[in-house]
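Subject: Structure handover

Hello,

Here is the structure we talked about. My notes on it follow below.

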Amino acid sequence: KDLTDVKMSLWLLGAALLGPVGGFYLPGLAPVSFCEEGNHQVPDCKTTIELFVNRLDSVESVLPYEYTAFDFCSDNTTNRPSENLGQVLFGERIEPSPYKFKFQKPAVCKKVCTKSYNSNDPPDKAKLDFLKKGMMLNYQHHWIVDNMPVTWCYDVEDGQKFCNPGFPIGCYVTETGRAKDACVVNSNFNEKDAFYIFNHVDITIYYHVVEHEQLGARLVAAKIEPKSFENSDDDNPDCSGGPKFLKNKHKGLFKIPYTYSVTFVEDKQICWASRWDYILESMPHTNIQWFSIMNSLVIVLFLSGMVAMIMLRTLHKDIARYNQMDSVEDAQEEFGWKLVHGDVFRPPKKGMLLSVFLGSGTQIFIMTLVTLFFACLGFLSPANRGALMTCAVVVWVLLGTPAGYVASRLYKSFGGEKWKTNVLLTAFLCPGIVFADFFLMNLILWGEGSSAAMPFGTLVAILALWFCVSVPLTFVGAYFGFKKTSIEHPVRTNQIPRQIPEQSFYTRPFPGIVMGGILPFGCIFIQLFFILNSIWSHQMYYMFGFLFLVFIILVITCSEATILLCYFHLCAEDYHWQWRSFLTSGFTAVYFIVYAVHYFFSKLQIAGLASTILYYGYTLIMALIFFLFSGTIGFFGCFWFVTKIYSVVKVD
């Protein structure tokens with residue numbers, strides 16, 4: 001099954017790349033028509049609405065669990081929908097549920113099942129304890145109808161509604177009587193040291209009748225309101241009585257009847273194509289996004305002005321003065337960055353490692369660019385579940401050739417000769433570190449029984465993609481890179497390295513590197529907040545247009561900040577620019593780690609050692625990827641600058 005998912009992911013990417021530009025639907029995203037039972041006027045319409053359940057998660061725990069782990073009412077059928085690679089990586093586990101409705105047939109307090117627990121029976125006690133743990137940590141259901149999330153909409157400040165694509169399984173009132181999480185919504189939830197179970201749901205399904213096309217009705221929204229009822233007869237519930245609660249120290253038999261009610265409402269305002277809008281519009285902070293963009297643009301304009309001033313005024317004067325030096329006496333009076341022309345292209349120390357980092361960074365940069373491009377076109381919207389991660393992984397695998405080519409080409413220009421070591425490190429070093437970290441996190445997830453634990457078959461499939469596709473492509477790229485002639489530099493390198501004069505505090509390597517990462521991080525930190533929210537607070541991320549704009553701003557800022565500092569260091573007669581340019585913009589990743597630590601303590605309520613280790617383990621993976629990505633941008637920006645200025649000045 002896992003290999004089939006990988007093939008399906010490749011097929012989806014191919015369809016996105018090769019499909020026609022207009023008039024198409026992605027697989028699984030075409031509209032589905034519904035009609036009443038017995039209606040034969042609409043061809044191929046469905047009469048039954050199936051409700052699917054996804055894994056449950058919590059903002060207080062990194063560990064998601066499958067729906068069946070909590071012993072809810074389950075469907076006896078085993079025909080689970082196929083999941084793509086991205087869904088498996090994100091821990092999504094979609095299963096059929098016993099909640100099935102006939103279109104246009106309302107139901108009131110319909111029984112699904114009754115679960116019985118005897119606290120004296122160890123298996124039952126374990127199930128009940130796990131359910132209580134889920135309510136204590138505020139685990140949330142995620143239900144799906146017609147590929148739409150079933151949302152729980154409630155009032156927030158300023159009279160606005162917030163639609164959450166999930167709803168809690170229950171809540172807890174502490175021993176002191178303090179209502180936690182969802183218990184605050186009902187004043188009747190007042191029993192101390194008790195768990196209140198949402199054992200009833202009111203489901204409202206909104207549909208839109210397609211006129212003039214005879215296509216029946218299409219579902220445009222599904223909303224839910226969780227409730228709790230203590231029925232007088234658990235075996236024949238009537239959805240009456242007070243809330244259903246379980247005392248923390250309950251002994252003996254305890255029954256939970258699960259019920260639902262469903263109503264259908266016609267909505268003539270929302271059409272099928274815009275049915276996600278009510279969820280996305282309810283999410284706040286769009287104005288903050290614009291503030292972030294404007295803030296970043298101001299930084300870019302400031303840097304661009306500085307770089308333009310250096311390029312057009314200072315450099316122009318320098319080059320004109322250098323080119324007017326005709327006599328030997330004048331040449332002996334050289335100063336500034338021209339003094340180091342015989343050393344500026346001297347191969348750096350640890351050139352092997354730098355070239356490997358740059359090869360991997362190029363691979364990540366192109367992958368990010370391609371993925372964001374498809375996301376902006378709408379291929380990777382929230383409606384196409386798992387598509388974003390699937391696209392990123394598949395594109396990364398197919399970009400082994402550029403990684404091998406860049407690493408080998410630069411390594412050859414550094415004077416390296418160990419081409420076998422270079423290509424092996426390019427293929428295995430950075431991906432190996434990421435995979436080792438990911439595998440350790442997966443072991444923790446396996447140990448905790450989480451649904452996010454990747455199945456062994458999927459791990460084998462990913463290794464197969466890496467070893468059988470990415471590695472051979474890296475070798476192909478390295479072959480062409482070493483076959484090409486070495487990069488020609490505009491000036492010759494002297495045999496004896498020039499002594500670097502003593503540097504002031506501001507032109508020393510470490511202070512420059514620390515200062516260089518501040519401006520790029522200032523451009524992205526607001527966008528970073530929303531990305532971390534989507535990962536750890538389970539909010540939908542859909543503003544790919546903003547993200548693409550921030551990506552462009554980040555590329556410009558990293559390049560300009562590095563070029564600016566590179567010029568100052570060259571003027572101070574320090575010619576070791578290769579590693580410094582990589583680390584200057586790459587140091588943004590250190591600020592990312594600091595921000596992630598701040599986010600963990602200020603925004604998250606994560607509890608437990610396993611969840612904490614998982615948070616920091618995955619954060620380190622993201623930081624390494626960002627380090628390679630931003631460092632590569634800085635290096636190539638500086639490489640272009642240095643090559644440009646020394647190619648337009650006369651050197652004897």
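Is Cys 523 buried or exposed? Cys 523 has a relative accessibility of 1%, so it counts as buried. Please keep in mind throughout that this is a predicted model.

Overall picture

The protein chain has 652 residues, of which 53% count as buried. It contains 17 helices and 17 strands. If one takes the contacts between residues at least 6 apart in sequence, 78% of them join residues at least 24 apart.

Disulfides

How many disulfides does a search of the whole structure find? The search finds four. Three of them are described here.

Cys 35 is joined to Cys 45, with an S to S distance of 1.8 Å. Both cysteines sit in the loop between helix H1 (2-18) and strand E1 (48-53), so this pair ties together parts that are ten residues apart in sequence. Cys 35 is buried, and Cys 45 is buried as well.

Another disulfide runs from Cys 109 to Cys 239, and here the S to S distance is 2.0 Å. Cys 109 belongs to strand E5 (residues 107-118), while Cys 239 is in the loop between strand E15 (217-227) and strand E16 (245-247); the pair links distant parts of the chain, 130 residues apart. Why is this disulfide of Cys 109 and Cys 239 right-handed? The torsion about its S-S bond is about 90°, and therefore the disulfide is right-handed. As for accessibility, Cys 109 has a relative value of 13% and so counts as buried. Cys 239, at 17%, counts as buried too. The cut-off behind both calls is that buried means under 20%.

Cys 171 and Cys 183 form a disulfide with an S to S distance of 2.0 Å. The link is right-handed, with 90° about the S-S bond. Cys 171 is in strand E12 (residues 170-173) and Cys 183 in the loop between E12 and strand E13 (194-197); this pair, twelve residues apart, links distant parts of the chain. Cys 171 and Cys 183 are both buried.

Other cysteines

To return to Cys 523: which cysteine sulfur is nearest to it? That of Cys 558 is nearest, at 8.2 Å, and Cys 523 is in no disulfide. Cys 468 has a relative accessibility of 57%, so it counts as exposed; the cut-off for exposed is over 50%.

Cys 113 is part of strand E5. With a relative accessibility of 17%, Cys 113 counts as buried. Leaving out residues up to four places away in sequence, Cys 113 touches Cys 73, Ile 256, Pro 257 and Tyr 258. From Cys 113 to Phe 72 the C-alpha to C-alpha distance is 8.8 Å, and the two are 41 residues apart in sequence.

Ile 169

Where is Ile 169 found? Ile 169 is in the loop between strand E11 (167-168) and E12. Its relative accessibility is 3%, so Ile 169 counts as buried. Not counting neighbours within four places in sequence, Ile 169 is in contact with Leu 56, Phe 70, Phe 72, Leu 131, Gly 134, Met 135, Tyr 139, His 141, Ile 197 and Phe 198. Phe 70, one of these contacts, is 99 residues from Ile 169 along the chain, and the C-alpha atoms of the two are separated by 9.6 Å.

A helix pair

Two packed helices are described by the angle between their axes and the distance between the axes. For helix H7 (residues 351-377) and helix H15 (residues 578-586), the axes come within 11 Å and cross at roughly 40°. That angle makes H7 oblique to H15. The crossing of H7 and H15 is left-handed. Which residues make the contact? From H7 there are Leu 353, Leu 354, Phe 357 and Leu 358, and from H15 there are Gln 578, Trp 579 and Phe 582. Sorted by class, the contact of H7 with H15 has six nonpolar residues, one polar residue and no charged residues.

Regards

How values were computed
Residues are numbered from 1 along each chain as its sequence is written. This is a predicted model: local features need pLDDT of at least 70, side-chain atom pairs count only at pLDDT 80 or more; totals for chains, interfaces and linings use all residues. Side-chain values use heavy atoms; hydrogens and water are left out. A disulfide is a pair of cysteine sulfur atoms within 2.5 Å. Helices (H or I, at least four residues) and strands (E, at least two) are DSSP runs, numbered from the N terminus. Buried means under 20% relative accessible area, exposed over 50%, partly exposed in between (1.4 Å probe, protein chains only). Axes are lines fitted to C-alpha atoms, for helices over the stretch in contact, and angles run from 0 to 180 degrees between N-to-C directions. Angles under 35 degrees count as roughly parallel, over 145 as roughly antiparallel, 65 to 115 as roughly perpendicular and the rest as oblique. A crossing is left-handed if the near helix is turned anticlockwise from the far one by less than a right angle, and right-handed if clockwise. Contact means heavy atoms within 4.5 Å. Ala, Val, Leu, Ile, Met, Phe, Trp, Tyr, Cys and Pro count as nonpolar, Asp, Glu, Lys and Arg as charged, and the others, Gly among them, as polar.
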